[in-house]
Amino acid sequence: MPAFDFCKKEKRGILFTEYMTQKKVSVFRHEHFNAAHRLYNPLWSFEQNDAVFGKCNNPNFHGHNYELVVKITGVPNADTGYVMDLKQLSDLIKQEVHERFDHKNLNMDTAEFKNLNPTAENIAVVIYDLLRPHIDADKDLQIRLYETPRNFVEYPA
Amino acid sequence: MVYLTRLEHFNAAHKLYNPAWSKEKNDAVFGICANENWHGHNFDLFVTIKGKVNEDTGFLFDVKKLSDLMKIHVIEKLDHKNLNMDVDFMRDKMCSTENLAVGIWQQLAPHLPQGVILHCVKLYETPRIYVEYYGE
């Protein structure tokens, strides 16, 4: 191989690696779970709960199809081109979120919401805390949770 | 003949549980849907009517009136409710999406004026699961 061509290829390789290490990319995984819940503050009277939480305070509960979008941000790995293997992320969400919350009553069936009002805000923070220890420290994590197609929250803000 | 569809939505808790059966049999048949403490869904309800277009208005039926009928006779009874416990027209029935679609049909049909025919109740339990009922 002529020396000139070799140098050119090598240079392009180095440039490519430098180029990639400067670029942060976000990858997303979409999962869903169905659950019942009730919004109320046990320290308040029923009337005050009704005034603040309205029909969400129904003592017999109501429910939602929650849609969860998990966002991971970081520099793609030089060897794989991945920020994170999305199959691994999917498995992690199933294990940490789906198993805990799917087809459950969030108030009655989960340890996380025994003493925490299961608003979409609080559910997003809980999911973040469940996933964060399993994701590389050099990657950013953000949770977007749809309670309905029209109501959704993000954490961290 | 023209077909007109209105979409409304409601959120509710339910469980699939036959009280005549043991807990084991309910678990075997209904799986996670038999959770005794309920689970829930965002339901999307498509109601389709059919009929002839009125020459004066160009309408089959004022869709605002269809929306109001759906809200009064269906949505107010189901939204943010426990389908097993809170809903008069589902009492003593299995709270499957199939039965709920039939119940919704029975709630709406008597309130439509002459010449406006209820054609289909399409009910989405999740974005991936829905049933259709044509009154047959």
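**Exercise 1. Lay out the fold of chain A.**
Task: find the pattern that chain A follows along the sequence, then place its strands in a sheet.

Solution.
Step 1. Read along the sequence, chain A runs α-β-α-β-α-β-α-α-β-β. The model is predicted.
Step 2. Count the elements: chain A has five helices and five strands.
Step 3. Order the strands. Chain A has an open sheet of five strands, arranged S3-S1-S2-S4-S5, with mixed pairing. Its edge strands are S3 (104–105) and S5 (152–155), each of which pairs on one side only.
Step 4. Check one pair. In chain A, S2 (residues 62–74) and S4 (residues 140–146) are antiparallel and share seven bridges. Within this pairing, A:Val70 stands opposite A:Ile143 in S4(A).

**Exercise 2. Describe burial and surface in chain A.**
Task: state what share of the residues in chain A is buried, and which residues make a nonpolar surface patch.

Solution.
Step 1. Of the 157 residues in chain A, 41% are buried.
Step 2. Turn to contacts with a separation of 6 or more. In chain A, 66% of them join residues 24 or more positions apart.
Step 3. Take the surface. Chain A exposes about 9100 Å², and carbon and sulfur atoms supply 55% of that area.
Step 4. Locate the patch. A:Leu43, A:Trp44 and A:Val52 make a nonpolar surface patch of about 330 Å². A:Val52 lies in helix H2 (residues 46–53) of chain A.
Step 5. Classify A:Val52. Its relative accessible area is 48%, so A:Val52 is partly exposed.

**Exercise 3. Trace the pairings of S1 in chain B.**
Task: find the sense in which S1(B) pairs with S2 and with S3 of chain B.

Solution.
Step 1. Start with S2. In chain B, S1 (residues 2–14) and S2 (residues 39–51) run antiparallel, joined by 13 bridges. B:Arg6 stands opposite B:Val47 in S2(B).
Step 2. Go on to S3. S1(B) pairs with S3 (residues 81–82) of chain B in the parallel sense, over two bridges. Here B:Ala13 stands opposite B:Asn82 in S3(B).
Step 3. Recall the basis of both senses. Strands of a sheet pair through backbone hydrogen bonds, either parallel or antiparallel.

**Exercise 4. Inspect the backbone.**
Task: find where A:Phe61 and B:Trp38 lie, and whether each is buried or exposed.

Solution.
Step 1. A:Phe61 has phi near 75 degrees, a positive value in a residue other than glycine. A:Phe61 sits in the loop between H2 and S2 of chain A.
Step 2. Buried means under 20% relative accessible area. A:Phe61 has 9%, so A:Phe61 is buried.
Step 3. B:Trp38 also has a positive phi, near 75 degrees. B:Trp38 is in the loop between helix H1 (23–30) and S2 of chain B.
Step 4. B:Trp38 has a relative accessible area of 13%, so B:Trp38 is buried.
Step 5. Add the cis bond. The peptide bond from A:Tyr155 to A:Pro156 is cis, with omega near 0 degrees. A:Pro156 is in the segment after S5 of chain A.

**Exercise 5. Analyse the interface.**
Task: state how many residues each chain gives to the contact, and what area is buried between chain A and chain B.

Solution.
Step 1. Chain A gives 24 residues and chain B gives 23 residues.
Step 2. About 1900 Å² is buried between chain A and chain B, with 47% from carbon and sulfur atoms.
Step 3. In chain A, A:Asn60, A:Asn65 and A:His103 lose the most area to chain B, together 32% of what that side buries.
Step 4. Two salt bridges are counted between the chains. One of them joins the side chains of B:Arg128 and A:Glu67, at 3.9 Å from N to O.

Conventions: Residues numbered from 1 in each chain as written. Chains lettered and ligands numbered in written order. Predicted model: local features only at pLDDT ≥ 70, side-chain atom pairs only at ≥ 80, totals over all residues. Heavy atoms only, no water. Pairing = 2+ DSSP bridges. Helix = DSSP H or I, 4+ residues; strand = E, 2+ residues; numbered from the N terminus. Patch = residues over 30% accessible without salt bridge, like charges linked within 9 Å, V, L, I, M, F, W, Y side chains within 5 Å. Areas by Shrake-Rupley, 256 points an atom, 1.4 Å probe, with all protein chains shown as cover. Salt bridge = Lys/Arg side-chain N within 4 Å of Asp/Glu carboxyl O. Buried < 20%, exposed > 50% of the residue type's maximum accessible area, 1.4 Å probe, protein only. Contact = heavy atoms within 4.5 Å. Buried area = accessible area lost by both parts, 1.4 Å probe.
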